[in-house]
Amino acid sequence: MGKNSTVNVTVKASQVAEPAACCEAHDEAGCLLGSTAPRRGNSPLEILTTKPCCLVHDETAASGRTIALVGAPNVGKSTLFNALTGARAVMGNWPGTTVEVFRGVWRYRVDATTCDCVECDCGGDHESGKGASRREATIIDMPGAYALESSSPDEDLTREFVDDPTAAPDLLVAVIDAAHLARSLYLVAELREKSRRMVVALTMSDMARRHGIEVDTYALSEVIGVPVVQVDPRHRSGLDNLTRVILDAIYGPIPQPRARVADIADDEDERFAWISTAVDRGTVSKGVGHQQFSDKVDRVLLAPVLGPLIFLAVMWLVFQITTTVAAPLQDGLSWIFDEPVSEAVTWALTQVGLDGSWVEGLLVTGVIGGLGALLSFTPLMALMFVLLALLEDSGYLARAAVLTDRAMSVLGLPGRAFLPLVVGFGCNVPAIAATRVLSTPRQRLLTVLLIPFTACTARLTVFVMLGTVFFDRWAGTAVFAMYLLSIILVVLTGLVLRRTLWRTMGKEPLVIDLPPYQTPTLRLTVSVAWGRLKGFLQTAAGIILGTIIVVWLLQSIPVIGGVGFAQVDIEDSVYGWFAQAVSPLFSLAGFGTWQTVSALIVGFVAKEAVISSWAQTYAVIDPDDVATLGQHITSAFDLSSGGHIIPAAVAFMVFFLAYTPCVATLAAQKREVGWKWTGFGVVMQLIVALVLAIAVFQVGRLFW
Amino acid sequence: MNVAVTVKLDQAPVDQPLSIVGTSTDPVVAQRLSRLGWRPGGQVRVVRKTSGGARVLDLNDSRVAISGDLAKSLCVEAA
């Protein structure tokens, strides 16, 4: 397969465009008997005697074909999509009525294996079997659905898409799991009640075989009434065969809907009877106790005491990897941009006489600073995505969901919401990406809104510094209290949102399929992780870079006369002027000086930048010189709080904990839930932060 | 002749073949269970109880975990 591409589109079924071009428009003169490409309604003779490859006339014609992958969750549908498109499918269902689906371009070769025409323009030499021609079609990876008739928005999308008279795909590829045939066939039973071109891709055959289950694809295809092809998308085998069958089916006749099982009036009962027949006839041996291995593992991993302990150990490991292991990589990348890259650019600008100019400020502080900030997140996100892929692919994530279900149900969230919330204490950015483990848009949205209240390690550095400055030997206790408050904020905000905006979100009881354990494959893990990383970088690049440049710009524009652009002190810049303008708002919380507010605005960009912002504002050369910096900060707090330094410092730490974590978190939130909900989150956090800070200061100053 | 006694699933013994009688849960959950193979007359086995009261079931040779609360609204009898 050649170079392929995937585009990520958000669609309603009704918005999916009709293929732009199709075969009818093209001359098929070179083909045996095929004067026009047979689409629906051509004569059976023409259809039967015209080979598919003869009709796939050129790239434009071929790319007009749309193939949709449908199937139950966990059957390997997205893996098949990855294998066919060579791209990365990462499923995500978005809030509201739209569901994000992935669309990829499938480039396949028409050669002697897929074409046996006597004369055609496929480009291959039919006698020697050499040579090939490239074709392409669009593949849409639909959300996992057990059935068409349901109350889930994911499954609704599949039904709308399949039934839409204008946007329906040319072919459905129903993906079914050989190890769990009965489970996968309900959707097939429903789809086969419709007149749709369809083929069935049978996955997980290797696993089924290991457990003594042998599926007879020929017998199964006789019952289902459409071709059944065995594929192994994890190891990319069987794809040529699938290609041939797909091409045959696209240009072949529309199969008749399946016959109903006689004497059963109820639709659901009838489908189960049909499934039972299909499983009986399509399975050579059923395998007894094929879950033995997974059952043995579950005996340990789901054990009453040991299970939760192992789960905590796994979470600890995830936390360690996303913090301790990622930190030196992050520091390394930051260093590269802060030191050699910045120095090289400064040197180059000096050579052309632009040193000290606004160009240097824009390039070094804005562009390079922004790129450094963005790329320093890359190893962290890559590690997070690899861990997610491993947890999902191995089957452990489903077990973790069972173990944490009861605890998380307090917030109305399923057990698997535990993972993103734990990761949030390391860094909010990968935590928001980790909400993809949740199955419904509402659960994801609620979790995305709660994550910013988890105290990430960037906030920890500022807490430690403030703790040392203000609380001396009680510094540790002060930092611990912030962690406690963080957990309380997550729980309380969750409860409030549940009782207000999400009143209708019923408490869903745990019903979860436990897939058999399997060894994750390197290719799948890397491919899924890379796809997710690329998506993050694409979204975050503009937002992070843009914000950093805007902050630099605001700090460079003077509000007083006689000073040039980018030559001004921060105090006299638009940025300083804004900080001074909004600082009275914070005087009720005891920290209403422009220097403190300025640090908070910088904290909006990145929390760890707050200390260096203070150092810059107070002209302290070394930000690590806590004693000198501490004196400046203490006197500022003394002034702004009217002598109530401790309550003002606590109020500041509370505000610092609760307001927007950083611009990278916003970028991640935007990617997961869109601008509207990201904006809602920002406003909600600012209100919570301000109200809490004012309450802490006003109550605190009565005592201290 | 033995008359099978209907019990709630949370009371059912572990590792015994059971026959599914029905559910008293809300229709959406009942439909989800049905798609996973929970059909009156079908076979089910409680594979294990987990911490937090959840149950792992053997339904159609697949493993499905359900919460302890949900198990209280599902009825089975000895197969």
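In this predicted model, the largest nonpolar core holds 142 residues, and those touching the most other members are Met384(A), Ala651(A), Met653(A) and Phe655(A). Leaving aside residues up to four places away in sequence, Met653(A) is in contact with Phe463(A), Leu466(A) and Met482(A). Another core lies apart from this one; it has 68 residues, including Val70(A), Ala137(A), Leu148(A) and Leu191(A). In soluble globular proteins, nonpolar side chains tend to be buried together.

**Chain A: overall content and two helices**

Chain A contains 26 helices and 10 strands. Of its 704 residues, 49% are buried. Among contacts in chain A between residues at least 6 apart in sequence, 73% link residues at least 24 apart.

Two helices of chain A can be compared with the span expected at 1.5 Å a residue. Helix H25 spans residues 645-658 of chain A, and 13 of its 14 residues are buried, so that the helix is mostly covered. The end C-alpha atoms of H25(A) are 20 Å apart, in agreement with the expected 20 Å. Helix H9 covers residues 239-251 of chain A, and its 18 Å from first to last C-alpha is close to the expected 18 Å. The buried residues of H9(A) include Leu242(A), Val245(A), Ile246(A), Ala249(A) and Ile250(A), and also Arg244(A) and Thr243(A).

**Strand S2 of chain A**

Strand S2(A) comprises residues 66-71, and 6 of the 6 are buried, so the strand is largely enclosed by the rest of the structure. Thr66(A), Ala68(A) and Val70(A) point one way from S2(A), while Ile67(A), Leu69(A) and Gly71(A) point the other way; all are buried. S2(A) pairs in the parallel sense with strand S5 of chain A, residues 171-177, over 5 bridges. Within that pairing, Val70(A) has Ala174(A) as its bridge partner in S5(A). Val70(A) is also one of the members of the core of 68 residues.

**A sheet shared by the two chains**

An open sheet of 7 strands runs in the order S10(A)-S5(B)-S4(B)-S3(B)-S2(B)-S6(B)-S1(B), with antiparallel pairing. Strand S10(A), residues 511-514, and strand S1(B), residues 6-8, stand at the edges with a single partner strand each, so one side of each has no neighbour in the sheet. From one strand to the next, the twist averages 40°.

The table sets out two of the strand pairs in this sheet.

| Strand pair | Bridges | Sense |
|---|---|---|
| S10(A) and S5(B) (62-66) | 4 bridges | antiparallel |
| S2(B) (17-23) and S3(B) (43-49) | 3 bridges | antiparallel |

Where S10(A) meets chain B, Ile512(A) has Ala65(B) of S5(B) as its bridge partner. Within chain B, Leu18(B) stands opposite Val44(B) in S3(B).

**The contact between chains A and B**

The contact takes 30 residues from chain A and 28 residues from chain B. On the side of chain A that touches chain B, at least two residues each come from helix H6 (181-191), helix H10 (267-282), helix H11 (292-301), helix H12 (306-351), helix H14 (396-408) and S10. That side of chain A consists of 16 nonpolar, 7 polar and 7 charged residues. S10(A) thus appears both among the elements supplying this side and at an edge of the sheet of 7 strands.

Terms used
Residues are numbered from 1 along each chain as its sequence is written. Chains are lettered from A and ligands numbered from 1 in the order in which they are written. This is a predicted model: local features need pLDDT of at least 70, side-chain atom pairs count only at pLDDT 80 or more; totals for chains, interfaces and linings use all residues. A nonpolar core is a set of buried Ala, Val, Leu, Ile, Met, Phe, Trp, Tyr and Cys residues joined through C-beta atoms within 7 Å. A residue is buried if 20 or more other C-beta atoms lie within 10 Å of its own, exposed if 12 or fewer, and partly exposed in between; C-beta atoms are placed from the backbone. Two residues are in contact if their C-beta atoms, placed from the backbone, lie within 7 Å. Two strands pair if DSSP finds at least two bridges between them. Axes are lines fitted to C-alpha atoms, for helices over the stretch in contact, and angles run from 0 to 180 degrees between N-to-C directions. Ala, Val, Leu, Ile, Met, Phe, Trp, Tyr, Cys and Pro count as nonpolar, Asp, Glu, Lys and Arg as charged, and the others, Gly among them, as polar. The expected span of a helix is 1.5 Å times one less than its number of residues.
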